[in-house]
Amino acid sequence: MMGIEAYVWSNAMTGLLLVGMLWAARVVRGNRLWREAASELWRRRRLAILVVGLYLGIGVADSIAWVGGIPEDAVGVLPNAPLSIIDRLFLDTREASYSAPLASVEFYGGKPLRHPGSHLLGTDILGRDVLYMVFKGARVALLIGGLTSLIAIPLALFFGVSAGYFGGRVDDVVFFLISTLAAIPGLLLLIALIMVMGRSTVSVCIALAVTGWVGFCRLSRAETLKLRELDYVQAARALGVSEARIIFRHILPNLAHLIVITFVLTFSGLVLSEATLSWLGIGVDGSWGQMIDGARDELSRSPIVWWNIGAAGTALFGLILAVNAVGDAIRDVLDPRTMRGSE
Amino acid sequence: MSAVLEVRDLRTAFPSSGGPVPVVDGVSFDLNRGEVLALVGESGSGKSMTALSAMRLVPKPGRVVSGSVRLDGTELLDLPVTEMRRVRGARMAMIFQEPMTCLNPVVRVGEQVIEAIQLHEDVSKAEARARTRELFVEVGIPDPEARLDAFPHQLSGGLKQRVMIAMALSTRPEILIADEPTTALDVTVQAQILALLRDLQRDRDAAILLITHDLGIVNELADRVAVMYAGRLVEVAERRALLSDPRHPYTQGLLRSIPALARPGEALPEIPGVVPSPDQWPAGCRFATRCPKRIDRCDTDFPEETAPAEGRRVWCHVHDGEGA
């Protein structure tokens with residue numbers, strides 16, 4: 001489709017992400033305040049952090065793909081298709097149709113499976129391993145939460161900080177924008193945007209970002225209004241510091257804790273929104289939302305096929321619970337009002 | 001003595017629904033090279049606003065309406081914003097009241113002083129750091145090397161104020177504006193900071209505009225005193241002359257109400273009432289509503305400036321030179 005294959009982009013982005021995480025870890029280690037916050041966080045929410053890490057690991061493993069190395073007798077894959085680490089783990093696990101978890105025969109009809117007893121979470125209507133689908137969904141969920149936040153938060157910060165700092169006209173314009181967006185029903189705008197931009201992962205992310213930045217914009221505007229009046233900003237002005245420098249040196253670093261908290265808390269909300277969109281049939285392919293949506297029919301079968309929706313729901317639930325737990329802890333650790341003294 | 005800062009007929013106002021409300025209303029004074037001029041007055045008298053106006057830092061929506069502020073002959077009120085930014089910090093620096101909140105909590109204090117130096121001078125980071133270290137020694141910060149890398153919350157109030165002073169001095173300004181520099185500190189630290197300011201002023205021959213409501217600090221530090229009331233100057237004089245022989249009834253009242261000078265066993269004299277807010281200033285003398293020596297003319301005419309003695313200016317219809 002493009003000059004460079006999509007999987008190369010995906011690999012490059014994953015590499016960039018890993019480098020970014022290493023760099024962030026270095027920054028945290030270098031700054032005493034952040035380092036203390038990080039170790040406090042680890043002390044409080046070890047399990048949740050490990051769970052989030054597990055999801056991240058699966059997502060990363062599903063994002064690194066290459067061509068070749070596929071056995072010729074593998075069923076259901078093209079020999080020149082790029083496959084990720086996760087794809088390769090579940091290579092050639094396809095069955096004919098539904099099978100229950102760890103079953104050795106098909107759920108309807110009772111024909112023997114190709115790989116009896118190997119499907120931990122059973123298979124879906126097309127005979128795909130459900131555990132495999134759940135793993136694939138992790139990448140989609142992380143992509144939606146992460147990419148959308150990456151679009152929405154800078155957008156909100158830009159508008160919020162300039163409105164709060166400069167006030168007057170700028171504030172009027174930004175507030176008009178916010179109010180207008182807030183006046184349109186979110187779901188309606190989402191659907192319209194996705195319809196206009198076409199249904200792809202990126203367009204869903206953009207649509208979610210456009211409808212989702214308003215809240216943080218208000219928050220950062222309010223916080224900037226407060227910071228702007230603080231003595232050290234006044235003192236900086238008295239020292240002859242320029243406006244841009246004040247914003248980057250004195251306002252943004254003091255918003256950092258808010259950015260981290262908002263990122264984590266919106267993240268889970270966004271993953272849930274995608275599930276809603278999938279329910280409406282305009283979600284991202286391969287997401288948990290789509291698995292849940294597909295399970296609508298399965299729930300009305302007899303005997304009931306429960307493992308599909310069960311697995312997707314549990315995976316979704318687990319990620320959101322873990323992220324929220326980490327988010328709460330981050331807020332407690334970073335918010336100056338709940339921070340324990342570190343004199 | 002030559003004036004390094006000349007303020008003439010400075011007027012600063014805030015807009016309101018009933019028209020602009022003046023907070024500084026025609027203030028004129030000279031700040032001479034190497035002197036400490038104390039600007040004294042109650043809360044709300046406009047002394048901080050006078051200083052902020054001179055720096056062109058009046059908080060919005062207030063603005064300097066008219067007047068002139070000349071630094072070494074350069075009119076500051078007409079300077080372009082970028083030029084003014086170069087004046088601030090480099091030639092006129094300010095020390096604020098609250099050392100606790102004047103430092104960015106997420107940046108190391110040494111870093112903040114280094115940035116202040118690099119902002120106005122083209123020096124390498126290592127050089128700026130070395131100079132910061134010297135400044136820390138000069139303002140009496142113990143263990144300066146370690147303090148350079150401390151965050152504000154790790155320092156005491158007195159140390160933070162010393163850092164603020166170091167920062168203000170970092171670019172060798174000609175004028176230092178100290179807005180109640182010791183109000184937020186406890187008494188022993190206050191004395192240390194005052195002593196430090198006096199030493200620094202002598203060593204560097206800088207001019208200090210000291211804003212305070214504490215006549216004890218005035219006595220300690222000032223060469224000349226300008227007393228402000230309700231946006232106007234009421235009396236300007238040499239420190240000794242003013243403290244021993246106040247002419248304006250307001251100055252007399254201020255001096256009488258110093259606890260240390262009161263007679264034991266007697267009630268502390270006070271000036272009745274409070275400073276009227278700017279929208280309720282009387283038409284004549286601003287102090288008329290609280291003045292014990294009021295005559296009819298005080299209610300209608302604002303008193304002209306009189307100069308009863310060398311180096312002394314008084315704005316009062318009835319000033320008579322009687323002691324407090």
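Which residue in strand 8 of chain B is the bridge partner of B:Ile177? Keep that one in mind while you set up the view.

This is a predicted model, where local features need pLDDT of at least 70, side-chain atom pairs count only at pLDDT 80 or more, and totals for chains, interfaces and linings use all residues. Residues are numbered from 1 along each chain as its sequence is written, with chains lettered from A and ligands numbered from 1 in the order in which they are written.

**Stop 1: the sheet in chain B**

Select strand 7 (residues 175-179) and strand 8 (residues 207-212) of chain B: they run parallel, joined by five bridges. Strands here are DSSP runs of E with at least two residues, helices are runs of H or I with at least four, and both are numbered from the N terminus. Two strands pair if DSSP finds at least two bridges between them. Now the opening puzzle: B:Ile177 has B:Leu209 as its bridge partner in strand 8 of chain B.

Zoom out to the open sheet of eight strands in chain B, ordered 6-7-8-3-9-10-12-11 with mixed pairing. Strand 6 (92-95) and strand 11 (305-309) of chain B are the edges; each has a single partner strand, so one side of each lacks a neighbour in the sheet.

**Stop 2: the hairpin**

Stay with strand 11 of chain B and add strand 12 (residues 312-315) of chain B; the two run antiparallel, with three bridges joining them. B:Ala309 stands opposite B:Arg312 in strand 12 of chain B. Two residues lie between the strands of this hairpin, and B:Gly311 takes a positive phi near 75 degrees.

**Stop 3: two domains of chain B**

Colour chain B by its domain assignment (bounds come from an automatic or database assignment): domain 1 is 3-91 + 173-315 and domain 2 is 105-172. Their centres, taken over C-alpha atoms, are 29 Å apart. Domain 1 of chain B and domain 2 of chain B each give 13 residues to the contact, where contact means C-beta atoms, placed from the backbone, within 7 Å. On the domain 1 side, helix 7 (residues 187-204) of chain B supplies the largest share, six residues.

**Stop 4: a helix pair in chain A**

Hop to chain A and select helix 9 (residues 214-228) and helix 11 (residues 243-279), which pack at about 150 degrees with axes 10 Å apart. Axes are lines fitted to C-alpha atoms, for helices over the stretch in contact, and angles run from 0 to 180 degrees between N-to-C directions. For sticks, try the residues that meet there, including A:Phe216 and A:Leu219 from helix 9 of chain A and A:Ile251 and A:Leu255 from helix 11 of chain A.

Notes
Contact = placed C-beta atoms within 7 Å.
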